[in-house]
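Trainee: I should like a close look at the contacts between side chains, beginning with the cysteines. How many disulfides are there?

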Amino acid sequence: RMKVMIMYSSEIQDLKGALECVHTFVEELAAAYAPFVAQTAQALLPVFDFCMEDGIRDLAFETWGQLCRSARAGGQEQVVRELVMEFLKRVSPKFEAEKVDLAELKTSAEGVTACLREAGPNILHAEQLRHICRSTLAVTAESFKRRAEAAKGRPSHPTHDEDGDEHEDDDEEDEQAVRQAMCDVAGPLMQHHADLFVKESFPDYLNLVLQCLQPQAVKEDRKLALMVICDILEHLGQRVTSFWPQFVPKLVEDIHNPDPHLRQVACYGAFLAAKVPDFAPLALEVANGLSQVVTQSRQRSKKKSEKIVQACADNALSAIIEILTVHSQAVASIKAQLWQVWLGGLPCQEDDSEGERNHKKLLELIQQEKPEVVGEGGQNVPKLFGVLVDVYKTDMTDEETSKGIGLFALRLGESKLEGFAAQFSEKQRKKLLRIVREAQAGKA
């Protein structure tokens with residue numbers, strides 16, 4: 001039986017405003033909101049029962065995930081479990097519906113991902129995890145089938161738009177988004193139920209990865225495989241290293257991929273793999289490839305079209321410093337070159353997450369007076385401190401790092417700062433004055 005609700009646009013805006021308000025309360029108050037989680041969840045349930053615009057549905061699902069986080073932070077594990085079960089009960093049937101609504105499938109999968117990510121560990125048992133994996137993989141398989149059927153009536157060669165780029169119809173773009181959203185659900189399952197996932201569902205995802213890495217696979221399928229590999233590397237770690245020979249060489253290969261969208265994911269995957277001790281035999285080869293990515297990318301122009309290229313280099317920098325930190329012995333023969341490449345590639349330019357990671361590490365190593373970083377007699381410090389000045393209180397640093405930059409400036413003292421400032425641009429000198437002023441105010 002279908003439920004129908006008629007809402008005027010003003011009412012929809014009111015609903016959206018109410019959801020945004022609740023989302024903000026839950027996000028900001030965290031554990032303090034826990035006593036109100038159950039009541040809020042009951043009020044939110046009616047939104048799930050009607051066909052809303054994608055934005056409202058997405059916000060409602062994300063808010064539900066925040067309720068899970070708040071309840072967990074408040075120590076209400078049973079409430080968390082009930083929230084997850086209620087969400088899955090209402091959303092899972094959409095994955096098995098005969099009528100295909102791509103927008104609804106995508107949003108529902110993103111909602112499951114948010115809910116499971118925020119709910120944390122010890123929520124699902126084996127059968128529940130297996131059902132989630134099988135149902136989302138089934139939707140992915142059906143999407144591939146629809147693409148194959150649609151391709152039968154298309155020209156064998158791709159069409160191109162006015163700019164000469166390959167053109168895909170809107171339906172295929174929507175299908176790609178659905179497949180990615182379905183595969184993303186596995187991320188929190190691996191994160192919070194790693195052992196269970198390896199036992200129950202890892203073989204199925206390995207098969208998907210290998211299918212999408214076939215030589216004849218299209219770029220979008222290969223990227224999907226690389227994204228799943230990144231989740232595997234990040235969350236399953238040592239548990240599946242015996243399977244690495246089946247997929248890690250493909251990821252390493254894509255560090256050199258001419259397509260920057262694939263290259264960026266591969267560089268990020270190298271960073272994740274480098275955290276695992278078993279990566280050591282690959283470290284030298286991968287480090288050489290990453291060095292080429294950074295060097296060649298930073299020589300390119302800074303046009304808007306080159307942003308993705310620079311994002312590749314930002315991810316490669318994270319992988320290089322991880323290799324230098326974890327696998328120093330394995331790359332001893334090129335260690336000096338790697339330090340030079342890492343320092344020369346800073347600051348990060350496009351990827352905020354990698355910027356936060358690398359600039360935090362740079363500050364830490366300068367403070368430790370790491371010889372490879374500060375140079376003989378500290379000769380590199382003025383230039384590197386200039387990098388930190390540039391990224392201070394930008395999207396490329398988190399609050400803790402910006403605070404650390406200010407405290408470091410105070411520790412350097414007026415005399416050294418004046419010496420550094422003599423080598424700075426006018427813009428950097430003005431920002432340095434601001435950094436010192438704010439750091440002094442923070443200590444007062």
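Mentor: A disulfide is defined here as a pair of cysteine sulfur atoms within 2.5 Å, and by this rule the count comes to zero disulfides. C21, for instance, is in no disulfide, and the nearest cysteine sulfur, that of C68, is 19 Å away. The model is predicted, so local features need pLDDT of at least 70 and side-chain atom pairs count only at pLDDT 80 or more, while totals for chains, interfaces and linings use all residues. Residues are numbered from 1 along each chain as its sequence is written, and side-chain values use heavy atoms, with hydrogens and water left out.

C230 also remains without a bond, because its sulfur is 10 Å from the closest cysteine sulfur, in C267, which is too far. The surroundings of these cysteines can be described by relative accessible area: under 20% is buried, over 50% is exposed, and values in between are partly exposed (1.4 Å probe, protein chains only). C21, at 37%, is partly exposed, whereas C230, at 5%, is buried.

Let us turn to salt bridges. Side chains of opposite charge can pair when their charged atoms come close. The criterion is a side-chain nitrogen of Lys or Arg within 4 Å of a carboxyl oxygen of Asp or Glu, and the structure holds 29 such bridges. One of them joins K94 to E104, with the closest N and O atoms 3.2 Å apart. K94 lies in the loop between α4 and α5 (102-119) and E104 in helix α5, so this pair links parts of the chain that are ten residues apart; helices (H or I, at least four residues) and strands (E, at least two) are DSSP runs, numbered from the N terminus. E104 is buried, at 18% relative accessibility.

A further bridge connects D259 with K219, where the closest N and O atoms are 3.3 Å apart. Here D259 sits in the loop between α12 (244-253) and α13 (260-273), and K219 belongs to helix α11 (residues 219-235), 40 residues away along the chain. D259 is buried, with a relative accessible area of 17%, while K219 is partly exposed at 38%.

Helix α11 takes part in another bridge as well, for the side chains of E253 and R222 meet at 3.5 Å, N to O. Because E253 lies in helix α12 and R222 in helix α11, the pair ties together parts that are 31 residues apart in sequence. E253, at 45% relative accessibility, is partly exposed, but R222, at 12%, is buried. Salt bridges that share partners also join R57, K94 and E104 into one network.

Finally, consider how two helices pack. Such a pair is described by the angle between the axes and the distance between them. Axes are lines fitted to C-alpha atoms, for helices over the stretch in contact, and angles run from 0 to 180 degrees between N-to-C directions. The axes of helix α6 (residues 126-151) and helix α10 (residues 202-212) come within 11 Å and cross at roughly 20°. Angles under 35 degrees count as roughly parallel, over 145 as roughly antiparallel, 65 to 115 as roughly perpendicular and the rest as oblique; α6 and α10 are therefore roughly parallel to each other. Their crossing is left-handed, a term used if the near helix is turned anticlockwise from the far one by less than a right angle, and right-handed if clockwise.
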